[in-house]
Amino acid sequence: LSFVDADFNPQLVFGAGSQCYRLSGTALDDAGTPISAHLEGVLHLGDPSVDKDWRKMWVFASPGCEGQVQVAMTNSFYPRTRSWKDLGDFKDGIIEYAFPEGSRSKLLLWKFKESSRHTPFVLQGFEVEAEGAGLER
């Protein structure tokens, strides 16, 4: 159920069994247990059929958040073809990663995980530098 409250803030209420929950941008835990967030996506720079030589990647999030980012280069979505690489932390709000020479694939998969009750996060986005036939990035 979604609605707008008296202060014109959007609200989302949902339930499971006999429990009722309200999604809140300020709630970081559920009765003391950190609320875990897991986000996944794919970067292909507009053409998933072209091989890319991945050069650099920047990931932007809230400074000091406890999120973790991983990437995997692959040519398919088959889970067993993935070898995940940890990129670092968001102490300054930016992770800058230089791919090793020869880092080549059609797709760059990413994962963001966060489960802190101490610091809220905002995942701002990504910037990627790559070369490949027909790519102008």
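Q: What makes strand 7 and strand 11 count as paired in this predicted model?
A: Two strands are taken as paired from at least two bridges upward, and strand 7 and strand 11 have 2 bridges between them, in the antiparallel sense, so they satisfy the criterion. Within this pairing, Asp53 stands opposite Arg104 in strand 11.

Q: Which other strands pair with strand 7, and over how many bridges?
A: Strand 7 also pairs with strand 13 (residues 123–131) in the antiparallel sense, over 8 bridges, and Trp54 stands opposite Ala130 in strand 13. With strand 10 the pairing is again antiparallel, over 5 bridges, and here Met57 stands opposite Tyr97 in strand 10.

Q: Why is the pair of Trp54 and Phe99 called tilted?
A: The search of the whole structure finds 5 aromatic pairs. For Trp54 and Phe99, the ring centres are 6.4 Å apart, which is within the 6.5 Å limit for a pair. Their planes stand at 40°, and because stacked needs under 30 degrees and edge-to-face over 60, the remaining class, tilted, applies.

Q: What makes this pair a link between parts separated in sequence?
A: Trp54 belongs to strand 7 (residues 52–61), whereas Phe99 is in the loop between strand 10 (94–98) and strand 11 (104–105), so the two rings tie together parts that are 45 residues apart in sequence. Together with Tyr97, Trp54 and Phe99 form one aromatic cluster.

Q: Are Trp54 and Phe99 buried or exposed, and how do you know?
A: The cut-off for buried is under 20% relative accessible area. Trp54 has 2% and Phe99 has 9%, so both residues count as buried.

Q: What makes the contact of Ser105 with the side chain of Trp54 a polar one?
A: The two side chains come to 2.8 Å, and a polar contact requires a pair of N or O atoms within 3.5 Å, one able to donate a hydrogen and the other to accept it, so the distance fits the definition. The side chain of Ser105 also reaches the backbone oxygen of Leu107 at 2.7 Å.

Q: Where does Ser105 lie, and which residues surround it?
A: Ser105 lies in strand 11, and with a relative accessible area of 2% it is buried. Leaving aside neighbours within four places in sequence, Ser105 is in contact with several residues, among them Val50, Asp51, Met73 and Asn75.

Q: Is Gly102 buried or exposed, and how do you know?
A: The place of Gly102 is in the loop between strand 10 and strand 11. Its relative accessibility is 68%, and since exposed means over 50%, Gly102 falls in that class. Although Gly102 and Asp53 are 49 residues apart in sequence, their C-alpha atoms are 6.9 Å apart in space.

Q: What makes strand 6 and strand 9 the edge strands of their sheet?
A: Here 4 strands form an open sheet in the order 6-12-8-9, with antiparallel pairing. Strand 6 (37–43) and strand 9 (85–86) are its edges, each pairing on one side only. Strand 6 and strand 12 (residues 107–114) pair over 7 bridges, and in this pairing Glu40 stands opposite Lys111 in strand 12.

Q: How do you know where the charge of Lys111 sits?
A: The charged end of Lys111 sits over the ring of Trp84, 4.3 Å from its centre. The distance limit for this description is 6 Å, so the value lies within it.

Q: What is notable about the phi angle of Leu45?
A: Leu45 has a positive phi of about 55° although it is not a glycine. Leu45 is found in the loop between strand 6 and strand 7, and its 15% relative accessibility is under the 20% cut-off, so it counts as buried.

Q: What do strand 1 and strand 2 form together?
A: They form a hairpin with 5 residues between them, and Phe8 in the turn has a positive phi of about 65°. Strand 1 (residues 2–4) and strand 2 (residues 10–16) pair in the antiparallel sense over 3 bridges, and the bridge partner of Val4 in strand 2 is Pro10.

Q: How many helices and strands does the protein chain have, and how much of it counts as buried?
A: The chain has 0 helices and 13 strands, and of its 137 residues 28% count as buried. Among the contacts with a separation of 6 or more, 74% join residues 24 or more positions apart.

Note on methods. Residues are numbered from 1 along each chain as its sequence is written. This is a predicted model: local features need pLDDT of at least 70, side-chain atom pairs count only at pLDDT 80 or more; totals for chains, interfaces and linings use all residues. Side-chain values use heavy atoms; hydrogens and water are left out. Rings of Phe, Tyr and Trp (its six-membered ring) pair if their centres lie within 6.5 Å; planes under 30 degrees apart count as stacked, over 60 as edge-to-face and the rest as tilted. Buried means under 20% relative accessible area, exposed over 50%, partly exposed in between (1.4 Å probe, protein chains only). A charge sits over a ring if NZ of Lys or CZ of Arg is within 6 Å of the ring centre and within 35 degrees of the ring normal. Contact means heavy atoms within 4.5 Å.
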